Each structure stands twice: as C-alpha cells, then as structure tokens.
Amino acid sequence: MAKTGAVRAVCVLVLFPLSRLPNHPRLLRLGLSRKSRLLPLRLSFVRQGRTWSVAAVCDVTTAFRNNNRISPDLPGPRMAYVVRTVGTACRRIFLCVDHPEDTMSVKAFKLVSAVEREMLMGDKNYINIECIECCGKNLYIGTNDCFIYHFLLDEKISTAGKITFVATKQLHKYLGLKKPVSELKAASALTRLLVLCDNTITLVNMMNLEPVPTGARIKGAVTFALNENPVSGDPFCVEVCIISVKRRTIQMFMVFEDRVQIVKEVFTPEQPCAVAVDGYYLCLALTTQYIILNYSTGISQDLFPYCSDEKRPIVKRIGRQEFLLAGPGGLGMFATVDGISQRAPVHWSENVIGAALCFPYVVALDDEFITVHSMLDQQQKQTLPFKEGHILQDFEGKVIVATNKGVYILVPLPLEKQIQDLLASHRVEEALVLAKGARRNIPKEKFQVMYKRILQQAGFIQFAQLQFLEAKELFRSGQLDVRELISLYPFLLPTSSSFIRSHPPLHEYADLNQLTQGDQEKMTKCKRFLMSYLNEVRSTEVANGYKEDIDTALLKLYAESNHESLLDLLVSENFCLLTDSAAWLEKHKKYFALGLLYHYNGQDATALQLWVKIVDGDIQDSTRSDLYEYIVDFLTFCSDQDLVWKYSEWVLQKNEEVGVQIFTKRPLEEQEKNNINQDDIISCLNKYPKARVKYLEHLVLDRKIEKEKYHTHLAVLYLEAVLQLKSMTTDNSTETTELLFKLRSLLQKSDLYRIHFILDKIQGTDLHMESAILYGKLEEHEKALHILVHKLKDFHAAEEYCIWNSENRDVQYRRRLFHMLLSVYLNPGTSDCALVMAAVDLLNSHAAEFDAALVLQLVPDSWSVQLLSPFLAGAVRQSVHTRRMTQTALGLAQAENLIYKYEKVKQKGTPILLSDKKVCQLCQNPFSKPVFVRYPNGGVVHTHCAANRHLNSNMTHHSSSSSNQT
C-alpha cells in the first residue's frame with residue numbers, strides 16, 4: 001500500500017515502464033500535459049519480465065473524472081480508488097487508504113458536527129439549509145422554506161482534549177414569504193439580524209427574531225455585504241452594500257436600529273455578481289472580470305478576467321484593504337485595493353464553491369472536498385472529504401461549513417501542535433514557516449519562547465540529518481543552550497556539571513551512538529561539527545554562564561581527534577576544568593598539552609616535571625620536537641626563581657649555549673631589578689665554561705654593565721681560550737680567529753678591565769696586537785707603535801691604531817699620534833726601504849693630520865718634491881682653506897658686532913624716564929638708584945635682577961642641552 005499527500009482531491013496511481021517515464025504518451029491520452037508533476041513513490045516491481053515504477057500523478061482529478069476513468073467507493077471509513085486500464089502500457093492498481101484524512105500534509109482542522117439533521121428538520125426531508133450566520137455563541141440558519149432557526153452553541157472539551165459542540169435550539173421564525181432565506185448577516189452592535197429573502201433585506205431582532213416595529217427594510221437586493229471597515233464613524237450604524245436588481249447598479253446604505261438610509265448609488269460597466277466592501281473600496285465580480293471600485297471617487301481598476309457562466313465567483317474580504325478572489329486556472333488570488341497582489345496565489349480546485357480564512361490558512365470547498373491551503377507557503381496542507389457541501393464561511397475565526405441538511409465546524413488544532421507534528425515528521429521548513437506565521441496570533445512573550453524552542457528542535461532535526469550549516473544557523477537563532485548539544489556526546493560534559501536536558505526533550509536521541517547508529521564516519525562528522533560550533537560560540541554571549549562546560553568539551557574533542565587547535569586553546573584564555581581535562585589528556589597521552597593545562601592553572605612545577613620527562617624519554621609525546629628549547633624559553637620568562645634554579649643544572653647539562661638563555665634572555669625589567677644575583681649565576685656557570693662566557697658577554701656587551709670584575713673576567717676567559725687553542729695547533733683556525741677578534745674588540749672598546757693584569761698575562765706570548773692595544777690604553781703609544789711597525793710590520797694596523805686611539809680626542813692629540821708614527825718610520829737607526837715607503841704613503845694619504853712645517857723638518861733632505869707632492873698639495877690646500885674659513889668667521893663676527901652697535905645707538909636715542917613710581921618688571925620693586933637695564937622691548941629692570949635672570953637662563957639652557965645630549 002502506498003501513501004502520499006494529495007495535492008488534488010484524488011490521488012491517482014498509474015503504472016508505466018521505467019524506461020518510458022515521465023513523458024509517456026499515455027499521459028497525454030489521459031488528459032495530462034507533459035508538464036504534469038510526477039511524484040515518484042520509490043516503489044518498483046518486476047512483472048512479465050519488465051520493471052515497472054509507481055508514480056503519483058497530481059492535478060488530474062478533473063481529467064480522469066470527466067473520462068470516467070476513476071470510480072470512487074466509500075465503504076465506511078475506508079476508501080479505494082481504481083485506475084482503470086488505459087491502453088496496453090498501463091496496469092490496473094488499487095490504492096487503499098485507511099482514512100481519507102491520512103492523505104493530508106498537516107492536520108490543521110478537525111471537522112466536528114454542530115447541528116444534526118434531526119435537530120433542524122426532523123423527518124421533513126424537503127427542508128434545506130440556504131444560509132448561516134454566527135455571532136458569538138449564536139448560530140442562525142436560514143432555510144429554503146422561509147424559516148430562520150436560532151441555536152446556542154456550547155463548546156465542550158473532554159478530559160482527553162476532544163472538542164464537541166452542543167447546539168441548543170432557542171426558537172425559529174417563519175417569515176411568511178414562501179421564498180428561501182438567501183442570506184443572513186448579524187449586526188451585533190445593533191442587536192439586529194439582516195435577512196435577505198425575496199430580494200428584500202429585513203431587520204429582525206437577534207434575540208426574538210421579530211421584525212423591527214418600524215418595518216425598516218431594503219428592497220431590490222440581489223445580494224449584500226457588510227462594510228467591516230466603516231467610514232461613517234457612527235458606532236450605532238452599519239454600512240451595507242447591495243447589488244441591486246437594477247441592472248449594473250450598486251447601492252450603499254446606512255442601517256440603524258429601526259431605519260435604513262441610502263447613501264450612494266454607483267453604476268458598474270457590467271452586471272455585478274458578487275461584492276465585498278472595505279472602507280470606500282468595493283471588490284466586485286462582474287460578468288467577465290473582477291474590479292476594484294472606489295465608490296466615493298468613482299475610480300475603478302481592472303484586476304483580471306474570468307467567466308461567470310463557467311464558474312461561481314468568490315469575493316471575500318480577508319483583511320484591511322485586501323480581498324481573496326477565485327481566479328482562473330483553479331487559483332485563489334489575493335488582491336489589495338491598489339490592484340496589486342502582495343501574496344502568492346493558492347492552488348485550489350477548479351470547482352471551488354466557497355472560501356474562508358483562518359490565519360494562516362485559506363479553506364476552500366468544492367463538490368467533494370474541503371482543502372486547506374497555507375497563506376505562508378501556498379502549499380495545500382490538508383484534504384477533508386466533504387460531499388454535498390455548499391456553504392463555507394468564517395465568523396470571527398470560527399470556520400463553519402454546511403450541507404443542505406447539517407452544520408459542521410472546522411475546529412483548528414492548536415498551532416503549536418501542528419508545528420510539533422510537522423517537526424515529528426521532520427518537515428522543518430514547513431514547521432518554521434508555520435511558526436513564523438503564528439506570530440500574529442500569539443502574545444509576543446509566549447511566541448518568543450515557543451519560537452526559540454521550535455528553532456532548537458528544528459536544529460536537532462537538521463543535525464541528525466547531517467545538515468550542519470542549517471543546524472548551526474537554527475541553533476544560533478534559537479539561542480540554544482549549547483550543553484543540550486554537548487550532552488549528546490558521551491563523557492564530554494564535566495562530571496561536575498549540573499546540566500539537565502530540557503523537558504519536554506528537544507529531540508528523541510539518547511546520545512550520538514543512537515543518532516548515528518554506530519556509523520563511525522557519521523560520528524566523526526558530528527564531532528567535527530561540534531568542534532567548529534563550540535569554537536565559534538565560546539567567545540559569544542551564548543557561552544555566558546557555562547564556559548567551563550564548553551571549553552572542557554572542546555578540549556576533550558581536540559584531544560580525542562588529535563586536533564592542532566588543542567594547543568591554541570590551552571595557551572589562550574580558557575575555562576577548562578582541571579580535574580576532567582587532566583584525566584582526559586592523560587588518557588589520550590597528550591602530556592605536553594597537559595603541561596600547558598597545569599601551567600594555565602598556576603602549577604608550573606607540575607608542568608615542568610611532565611615536560612622534562614618527555615625530553616628524557618620517560619614518557620612519549622611527539623607533539624613538539626623542540627620541547628627542550630620550549631622548556632628553556634619557559635624558564636626564561638618564569639618568575640619563580642626557585643623553579644629556575646631547580647632546572648638550571650638540567651638545561652645546562654643538555655646544552656650549555658642554549659641553556660644559558662634562561663639567564664641571558666630574561667625580561668629586561670627583571671634583570672634591571674637584579675632579582676637573580678649575577679654573581680650567583682656566574683658561580684653556577686663555573687662548571688659550564690661556554691655558558692659562562694655567553695653570560696659574561698651578555699653582561700658586558702649587551703647590557704653594558706660597567707663593573708671591572710666582569711670586564712676583566714671576560715677578557716681573561718677570551719685570553720685563556722685563545723692561548724689554549726694556540727697551544728693545540730699552530731694554524732689559526734676559524735674558532736681562534738673569532739676569539740682573537742672578540743678579545744681585540746673588548747680590549748679596544750672597554751676601559752674598565754685591569755690593564756696591567758691582562759698585560760702581565762700576555763707577556764711572553766705572540767699576541768703582539770693585543771699587547772699594542774694594551775700599551776695604547778696605558779698611553780704608551782711609542783711602545784705600541786713600535787710593536788705594530790717593527791714586530792708585526794703591519795703598517796695599516798699602525799694607521800688604524802692612530803685613528804681609533806684618537807677618537808673623541810682633540811686635533812692636537814690626533815696629530816701627535818700621527819707624528820709619533822712618522823717618527824717611528826723615519827727613525828735614524830733604520831734604513832728599511834719598506835719603512836720609507838710606509839712613511840711616504842702615510843704622509844700622502846693623511847696630509848690633513850700633519851703639521852706641514854714639522855714634517856718638513858723630519859723628512860730627509862734627499863727626498864724629492866715630487867715624492868711628497870700629494871702631501872704638499874694637500875697641506876697647502878688645507879692651509880688656504882683654514883685661512884679662508886677664519887676670514888669668513890671674522891667677517892661674520894664683525895657684521896654681528898656692527899648690528900649690535902646700531903641697535904645700541906638706536907636705544908640711546910630714545911629718552912628713558914625713571915621715577916620713584918616706576919617699578920622693576922621682574923621683582924615689581926621701585927628703583928632706589930638711577931641704575932637700570934633696559935630690554936629691547938622697552939622693559940626696565942634692576943641690574944641685579946637682569947644679572948640673575950641671565951644666569952638662570954644660561955643654567956636652563958645648559959641643562960636642556962645636557963638632557964638633549966643624553
């Protein structure tokens with residue numbers, strides 16, 4: 001047996017070979033187009049060697065019925081539809097449905113009997129119901145024998161929640177016209193019932209059904225409608241619009257308790273058939289089209305055409321300035337007074353008889369069925385079999401349907417139950433659309449609570465279907481307590497968590513194992529989604545109040561899946577619970593991460609103990625291949641001195657040059673406070689010579705600490721290392737060269753080491769360059785230059801010696817050094833040509849550093865002018881330059897002096913009046929003597945005040961200059 005939600009009144013099953021679907025020519029012979037929608041039922045079978053498929057064909061009711069191809073049979077509560085054989089390609093098949101309501105998409109309404117046939121007419125079969133009206137509990141029925149019946153309807157709800165109606169007959173009234181009662185309309189404000197019978201609208205009392213004493217009535221009415229959006233503003237008046245028996249005429253009346261008054265008569269281009277009113281606007285069904293007419297201005301607007309001869313028009317006001325119309329092609333069209341449609345049409349039967357509104361549904365009635373359509377997504381939601389129905393109306397939210405013999409009420413099921421039913425069948429989109437549409441019918445606070453829960457339920461449905469993007473959006477929109485999601489995953493919530501799942505539950509799953517049915521691939525996808533979702537929400541308001549649960553669950557997921565974000569979580573701000581997280585990390589052998597967790601919780605000793613065990617190989621964790629360097633870096637920034645000292649031996653034993661960084665790379669502010677004594681560090685490093693040198697270099701060269709013992713110690717260590725290397729090999733290796741460079745640089749740049757102590761250690765070695773540097777520090781330049789020139793024969797080094805030794809000295813000191821070097825080259829006791837050439841090169845390349853007159857006295861007479869021409873040219877050029885610069889400076893000074901003299905003469909030319917009333921501008925005291933100082937701006941001050949101000953100004957300027965230099 002196959003079941004499907006019927007889009008039309010009848011669900012037809014047709015068998016076709018799979019190879020010939022969906023454009024089989026038999027569909028055309030059945031009266032279907034190739035565009036007819038086929039709903040595959042995923043049912044196939046093999047018969048006579050061929051594979052057949054079952055397809056549900058929609059929108060074919062009329063075509064099949066007209067061709068007598070469908071024969072319905074209704075034996076009690078069951079129904080069977082037979083599709084007769086069509087050609088040779090079809091096979092006969094029976095579709096049996098347990099109950100007609102099983103074909104619905106949503107159970108939105110339940111059909112409940114209100115007035116039974118016996119109560120209304122007894123055994124008088126000729127009596128038929130022509131019209132109904134309901135106002136509150138009052139139900140009025142008009143019959144074909146000119147009677148009006150008044151019933152009171154009481155709604156009863158059983159303990160099981162079943163709704164029934166009890167109708168109590170109050171009275172009935174015969175109008176005496178022997179014509180059917182065509183229409184009834186209640187005007188509750190006036191306690192009047194408007195009765196249309198024999199083209200006359202009569203006013204009767206709602207309670208006793210007696211006509212008003214004045215006999216007020218409206219004659220010549222074919223049909224009429226009440227204006228539910230009146231324009232008069234009179235609360236004791238009802239506005240009525242009638243279609244007059246006059247051709248193409250509409251009349252507007254004002255109806256009072258005991259009188260009627262015509263207001264307006266409007267003529268239409270065609271004969272009107274049906275009317276609905278809203279304010280000044282009339283929505284009319286004419287003979288061939290629907291129009292909107294403003295009866296105040298006379299302006300009309302065409303809507304769309306239809307043929308009144310083929311189908312019954314429907315015009316119904318459904319809201320302020322909006323109407324529902326029966327359009328062509330079986331469409332229920334919505335139209336506003338502006339002539340536009342703000343909603344998509346609903347698709348109902350071609351033979352629709354009546355329509356009613358019960359938001360968010362449009363209910364339609366045809367010959368055999370009541371169909372329920374959603375205004376939100378325009379889909380048909382429910383089909384109720386209802387034969388011989390001819391009246392369908394809504395009264396203040398109550399939908400009443402009637403046959404000729406009985407009255408029934410369509411009781412709407414609570415929207416919440418409808419939504420839950422949709423969710424139970426996993427139809428998320430429909431449930432959400434319905435929930436949004438329910439906003440207008442539910443108080444705001446209640447709706448918000450309900451809608452959030454619906455979003456959460458929908459999220460879990462999407463989650464179970466592995467639609468993770470949709471689930472995430474629904475969880476966010478529904479502000480889901482994320483622990484509801486975490487609780488699906490076994491053991492992720494901390495043992496200390498007090499979380500209890502929502503009741504009633506948001507889903508039907510005990511845990512992830514049940515949801516995935518043990519499928520590991522699905523389980524992995526679900527865990528990956530949870531990781532992503534928790535990572536996104538942990539820093540948002542969603543996590544407020546239970547960040548510990550979220551971060552602990554995230555840590556467990558990361559550890560279990562060996563995710564790279566585990567370390568990022570632990571080194572950033574987190575709320576992972578130590579006890580749960582530590583046990584989980586240890587279980588999954590994430591010891592490095594466990595150390596990070598201990599560190600974050602202030603247990604650095606435990607963290608270091610773990611990491612040291614990993615490096616020593618006692619436990620295995622390959623998270624970081626550079627864990628030793630990480631430990632060194634960790635100790636470098638560790639503020640716990642005891643911990644640093646505890647592990648200093650371990651890191652130094654592993655690698656001296658790396659391990660010493662725990663002392664050399666400590667934060668600068670900590671080093672400046674000397675939190676760890678430098679001498680204690682050096683004592684500790686005595687067992688590790690490389691580390692000791694590195695640390696002293698850090699103190700002397702990097703931090704530039706000016707302590708003699710550190711400078712001397714470093715120089716001695718350099719010297720001893722050099723001498724040790726030289727004793728091992730005669731060739732200068734790269735290491736020896738580097739050490740010599742460091743030693744010379746230290747000896748040259750530092751002035752704090754003990755020179756004589758170092759010099760004594762160098763005596764007797766071949767470190768001549770170092771000896772020269774030390775002699776230079778002692779101002780024994782001749783000895784130094786003698787070593788450089790005669791022992792090392794390094795003339796370039798001798799020149800460099802003069803340059804670096806005269807740095808930050810005056811010109812005379814520099815000249816004295818160069819003259820010393822020249823004297824060494826030209827020593828009368830030597831006749832080495834190399835020294836002569838060195839002397840010539842020295843003069844020619846450093847001409848500016850010599851006094852030409854003294855040089856001419858030193859050089860031998862045998863030297864030619866050509867040999868010294870570069871020196872002489874440079875000396876002359878320098879002399880001329882010096883003289884010209886001196887003259888320029890003298891001229892500028894003379895000009896400045898002249899300006900001052902001019903200013904002085906100008907000031908003297910202006911008389912200055914000094915009296916005992918004039919006060920000093922600085923001290924504000926009067927002048928006791930005719931001695932004063934006058935400033936260029938005219939201010940007069942005491943001489944001693946001016947002197948003090950000048951002194952203070954100089955001191956301030958000097959202080960500022962010193963500060964700038966510093």
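## Terms and overview

Strands are DSSP runs of E with at least two residues, and helices are runs of H or I with at least four; both are numbered from the N terminus. With that in hand, P360 can be placed: it lies in the loop between β28 (354-358) and β29.

This is a predicted model. The protein has 33 helices and 36 strands. Of its 966 residues, 46% count as buried. Among contacts with a separation of 6 or more, 49% are made by residues 24 or more positions apart.

## Two cis peptide bonds

The bond from F359 to P360 is cis, with omega near 10°. This puts a cis bond in the loop just described, between β28 and β29.

Another cis peptide bond joins H503 and P504, with omega about 0°. P504 sits in the loop between two helices, α8 (482-486) and α9 (512-516).

## Strand β30 and its partners

Strand β30 covers residues 369-374. On one side it pairs with β29 (residues 361-365): 5 bridges join them, and the two run antiparallel. L365 has I370 of β30 as its bridge partner. A hairpin with 3 residues links β29 to β30.

β30 also pairs with β31 (residues 380-385), again antiparallel and through 5 bridges. Here H373 is bridged to Q380 of β31. The hairpin of β30 and β31 has 5 residues between the strands, and Q378 takes a positive phi near 60° in it.

How much of β30 is buried? All 6 of its 6 residues are, so the strand is largely enclosed by the rest of the structure. The side chains split into two sets: F369, T371 and H373 point one way, while I370, V372 and S374 point the other. Both sets are buried.

## Helix α29

Helix α29 has 15 residues, 811-825. At 1.5 Å a residue it should span 21 Å, and its end C-alpha atoms are 21 Å apart, so the two values agree.

Buried residues in α29 include Y813, L817, L821 and Y825. An α-helix has 3.6 residues a turn, so residues three or four places apart point the same way. F818, H819, M820, L822 and V824 are buried too. The cover over these buried residues includes α27 (781-791), α28 (795-805), α30 (833-845) and α31 (852-858).

## Two leucines with positive phi

L209 is not a glycine, yet its phi is positive, about 60°. The residue is in the loop between β14 (200-205) and β15 (217-219). Is L209 buried or exposed? Its relative accessibility is 0%, so L209 counts as buried.

L466 also has a positive phi, about 65°. Its loop runs between α6 (444-464) and α7 (468-477). At 24% relative accessibility, L466 counts as partly exposed, because buried means under 20%.

## Empty space

Rolling a probe the size of a water molecule over the atoms shows where empty space is left. The whole structure holds 7 cavities of 30 Å³ or more. The largest cavity has a volume of about 90 Å³. Its lining includes F663, R666, Y695 and R703. Helices α20 (668-672) and α21 (678-684) each supply at least two lining residues. By class, the lining has 4 nonpolar, 4 polar and 3 charged residues.

The second largest pocket has a volume of about 580 Å³. Of its 17 lining residues, K690, V693, A721, E735 and L739 lie nearest its centre. Helices α22 (689-702), α23 (708-728) and α24 (734-749) each give at least two residues to this lining. Its classes are 7 nonpolar, 1 polar and 9 charged.

Note on methods. Residues numbered from 1 in each chain as written. Predicted model: local features only at pLDDT ≥ 70, side-chain atom pairs only at ≥ 80, totals over all residues. Heavy atoms only, no water. Buried < 20%, exposed > 50% of the residue type's maximum accessible area, 1.4 Å probe, protein only. Pairing = 2+ DSSP bridges. 1 Å grid on protein atoms, 1.4 Å probe; cavity = no way out; pocket = protein on both sides within 12 Å on 5 of 7 lines; lining within 4 Å. Points joined across faces, edges and corners; volume = space filled by probe spheres on them. Nonpolar A, V, L, I, M, F, W, Y, C, P; charged D, E, K, R; others polar. Expected span 1.5 Å × (residues − 1). Contact = heavy atoms within 4.5 Å.
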